[in-house]
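Here is a small set of exercises to work through with the structure open beside you. Try each task yourself before reading on to the solution.

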Amino acid sequence: MNVVVIGLGSMGKRRIRLLKKCPDIQEIFGVDAKADRRGDAENAFRIPVYQSLEEALACHPVECAVISTSPLSHHAIIKKCLEYKLHVFSEINLVSDGYEDNMRLALENGRVLFLSSTFLYREEIKYIQREVKKQDQPVNYIYHVGQYLPDWHPWENYENFFVGDKRTGGCREIMAIEVPWILETFGSIKSVSAISGRLSQLKVSYDDCYVIRIEHENGSTGTFIVDVVCPKAVRNLEVYRENFYLSWDGTPSGLQEYDQKEKGMRDVLLYEKVERSEGYQSTIIENAYANELEEFLEVVRGEKKQSYGFEKDLDTLNWLDQIEGVS
């Protein structure tokens, strides 16, 4: 199976690195309009690189495309790939532009349209989901995710990539990453309310912090705090009800649960080996990114259905619009 990776920034490079480890991937090709990114990818991975998708397809047979460009460009690139009858893996979109048309086009052409939702593939999230569903009763949760925006990509100014845009801002990206697994774990949302504001002097056109109250259909309730101002990168979760409590700090070794017999916390260790990439914070590991790529390939081979897709993401994005007050 041959794959073209469109967009050779940090995420595109990660996808190439992981695809190279997949035994059923024969060749990988890169596409990016920027010459420096093409050069970096060519030197780092020894793959053919091209300025456009058309150039790549003219030179090679390709079955699948991985789209790792900035979110607002996704829908047009997805459409083009589907028109060329490629199976598509897309990074998170943050906006619903072109969703209906591209879902229809994928169905008409019999192609897989797969959407990244990396946290659903974290072992810690899978464990939390199992334990919450065992309760068979409502739970409460408190979840804070924050990191100072200039630290996201230290190698470039935050005003120069998509988190500087109001439609695809940093707080919205955090929500788009986290809300899918929150929905899968705690159930469909009944209602949300939010307080937002500014705590920083960041040069962005959107609020830099949100305190969100989520009421789920099953009675569970959560407080979800999102910000791009916290100087320490944090991901802190607590989930509890009578006779049940667990916490997670976002790291592979940071999941704990309360032991009723011992009356204390115990570690829950889920990984034999943790894969990391240099330059990323401790909460970001490669394992989940690899797991979702493998599921994409399994779906392409017809071996399973995808865990999360564009249909579910429409619901997620509608809730994000409501939280942000977008009509």
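**Exercise 1: Two helices crossing**

Helix α1 passes helix α8 in a right-handed crossing. The model you are looking at is predicted.

*Task.* Find the angle at which α1 and α8 pack, and decide how the two helices are oriented to each other.

*Solution.* Start with the geometry: α1 covers residues 10-19 and α8 covers residues 286-300, and the two pack at an angle of about 70° with their axes 10 Å apart. Next, classify the angle: 65 to 115 degrees counts as roughly perpendicular. α1 and α8 are therefore roughly perpendicular to each other.

Now look at who takes part. On the α1 side you will find Met11, Arg14, Arg15, Arg17, Leu18 and Leu19, and these meet Glu286, Tyr289, Ala290, Glu292 and Leu293 in α8. Sorted by class, the residues of this contact are 6 nonpolar, no polar and 5 charged.

**Exercise 2: The parallel sheet**

*Task.* Work out the strand order of the open sheet of 6 strands, and find which strands lie at its edges.

*Solution.* Going across the sheet, the order is β3-β2-β1-β4-β5-β6, and the pairing is parallel. The edge strands are β3 (49-50) and β6 (113-115), each of which pairs on one side only.

To check one pairing by hand, take β1 (residues 2-6) and β4 (residues 64-67): these strands run parallel and are joined by 4 bridges. One place to look is Val4, whose bridge partner in β4 is Ala65.

Then bring the helices from the previous exercise back in. α1 lies across β1, β2 (27-31), β4 and β5 (87-90), and runs at about 165° to β1. α8 lies across β4, β5 and β6, and runs at about 160° to β5.

**Exercise 3: A link across the chain**

*Task.* How many salt bridges does the structure hold, and which residue forms one with Arg15?

*Solution.* The count is 23 salt bridges. The partner of Arg15 is Glu91, and the closest N and O atoms of this pair are 2.8 Å apart. The two ends come from distant parts of the chain: Glu91 sits in the loop between β5 and α5 (99-109), Arg15 sits in helix α1, and they are 76 residues apart. You have met Arg15 before, among the α1 residues that meet α8.

**Exercise 4: The mixed sheet**

*Task.* Trace the open sheet of 8 strands from edge to edge, then follow β9 to its partners β8 and β10.

*Solution.* The order is β8-β9-β10-β7-β11-β12-β13-β14, with mixed pairing. At the edges are β8 (189-197) and β14 (264-267), each pairing on one side only. From one strand to the next, the twist averages 15°.

Step to the first partner: β8 and β9 (residues 209-216) run antiparallel and are joined by 8 bridges. Here Ile189 stands opposite His216 in β9, and Ser191 has Glu215 as its bridge partner in β9.

Two helices pack on this sheet. Helix α9 (residues 310-324) touches β8 and β9, and its direction makes about 40° with that of β8.
Helix α6 touches β11 (234-241), β12 (244-248), β13 (255-259) and β14, with its direction at about 165° to that of β12.

Step to the second partner: β9 and β10 (residues 221-227) pair in the antiparallel sense over 7 bridges, and Ile212 has Phe224 as its bridge partner in β10. The hairpin of β9 and β10 has 4 residues between the strands, and in it Gly219 takes a positive phi near 100°.

**Exercise 5: Helix α7 and its two neighbours**

*Task.* Is α7 parallel or oblique to α9, and how is α7 oriented to α6?

*Solution.* Begin with α9: α7 and α9 pack at an angle of about 125°, with their axes 10 Å apart. That makes α7 oblique to α9. Their crossing is right-handed. Residues of this contact include Met175, Val179 and Leu183 of α7 and Leu317, Leu320 and Ile323 of α9. By class, the contact of α7 with α9 has 8 nonpolar, 1 polar and 6 charged residues.

Turn to α6 (residues 123-135): its axis and that of α7 (residues 170-186) come within 9 Å and cross at roughly 30°. Angles under 35 degrees count as roughly parallel, and α6 and α7 are therefore roughly parallel to each other. The contact is made by Ile125, Ile128, Gln129, Val132 and Lys133 of α6 and Trp181, Glu184, Thr185 and Phe186 of α7. By class, that contact has 5 nonpolar, 2 polar and 2 charged residues.

Methods. Residues are numbered from 1 along each chain as its sequence is written. This is a predicted model: local features need pLDDT of at least 70, side-chain atom pairs count only at pLDDT 80 or more; totals for chains, interfaces and linings use all residues. Side-chain values use heavy atoms; hydrogens and water are left out. Axes are lines fitted to C-alpha atoms, for helices over the stretch in contact, and angles run from 0 to 180 degrees between N-to-C directions. Angles under 35 degrees count as roughly parallel, over 145 as roughly antiparallel, 65 to 115 as roughly perpendicular and the rest as oblique. A crossing is left-handed if the near helix is turned anticlockwise from the far one by less than a right angle, and right-handed if clockwise. Contact means heavy atoms within 4.5 Å. Ala, Val, Leu, Ile, Met, Phe, Trp, Tyr, Cys and Pro count as nonpolar, Asp, Glu, Lys and Arg as charged, and the others, Gly among them, as polar. Two strands pair if DSSP finds at least two bridges between them. A salt bridge is a side-chain nitrogen of Lys or Arg within 4 Å of a carboxyl oxygen of Asp or Glu.
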